[in-house]
Amino acid sequence: MSAGETEFLVDQGSTFQAEVVWQDANNAAINITHYDARMDVRYAQTKNADLVIQLNSSNSRISKGSVTGGKFNLFISAADTADLLPGTYFYDFEVFSTDSTSPVFVQRLIQGQFTVSPEVTG
């Protein structure tokens, strides 16, 4: 299945939170017990472009919400969004297997633009 297109709008200097739900072709939630996720935001639509910000479970910017509901929570602190330069960037969000007994599995769920609007107050 091809990745869906979703645009994220981020206010510089504000906390950013979003939810990504992994579902099968019948819109049933996929159990994410043995999966994790990662998301890179880059200046251009290529993995060789400079990194703007990275989200994953190691840096606590991605966490699991409802495991049986297929929910991943995205979080970027206000302090971290304050450091982002206003502009339009590109991202993709991937899930991958963490169960070492099964073959390695990676699937891109969503991709698109990641736009940071400038902060005026602060």
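In β7, which residue is the bridge partner of Phe-16? The partner is Ile-76, and the sheet to which this pair belongs is described below after the overall features of the chain.

The structure is a predicted model, in which local features need pLDDT of at least 70, side-chain atom pairs count only at pLDDT 80 or more, and totals for chains, interfaces and linings use all residues. Residues are numbered from 1 along each chain as its sequence is written, and side-chain values use heavy atoms, with hydrogens and water left out.

The protein chain contains one helix and nine strands; here helices (H or I, at least four residues) and strands (E, at least two) are DSSP runs, numbered from the N terminus. The order of elements from the N terminus is β-β-β-β-β-β-β-α-β-β. The radius of gyration, taken over C-alpha atoms, is 15 Å, close to the 14 Å given for 122 residues by the globule rule, so the chain is as compact as a globular protein of that length. That rule is 2.2 Å times the number of residues to the power 0.38. Along its principal axes the C-alpha trace spans about 50 × 30 × 25 Å. Of the contacts (heavy atoms within 4.5 Å) with a separation of 6 or more, 64% are accounted for by residues 24 or more positions apart.

Three strands form an open, antiparallel sheet in the order β3-β7-β6, where two strands are taken to pair if DSSP finds at least two bridges between them. Strands β3 (16-21) and β6 (62-64) stand at the edges with a single partner strand each, so one side of each lacks a neighbour in the sheet. The twist averages 25 degrees from one strand to the next; axes are lines fitted to C-alpha atoms, for helices over the stretch in contact, and angles run from 0 to 180 degrees between N-to-C directions. β3 and β7 pair over six bridges, one of which joins Phe-16 to Ile-76. β6 pairs with β7 (residues 71-76) over three bridges, and Lys-64 has Phe-72 as its bridge partner in β7. Six residues separate β6 and β7 in a hairpin, and Gly-70 in the turn has a positive phi of about 70 degrees.

Side chains alternate along β7: Phe-72, Leu-74 and Ile-76 point to one face and are buried, whereas Lys-71, Asn-73 and Phe-75 point to the other and are not. Buried denotes under 20% relative accessible area, exposed over 50%, and partly exposed in between (1.4 Å probe, protein chains only). Buried residues make up 34% of the 122 residues.

The largest nonpolar core, a set of buried Ala, Val, Leu, Ile, Met, Phe, Trp, Tyr and Cys residues joined through side-chain atoms within 4.5 Å, has 26 residues, of which Phe-8, Met-39, Val-41, Leu-74, Phe-93 and Phe-114 touch the most other members. At least two residues of this core come from each of β2 (8-11), β3, β4 (35-42), β5 (51-56), β7, β8 (87-97) and β9 (106-117). Beyond four places in sequence, the residues touched by Phe-93 include Val-20, Ile-62, Phe-72 and Leu-74.

Arg-38, in strand β4, counts as partly exposed at 35% relative accessibility. Its contacts beyond four places in sequence include Ile-62, Asp-92, Phe-93 and Glu-94.
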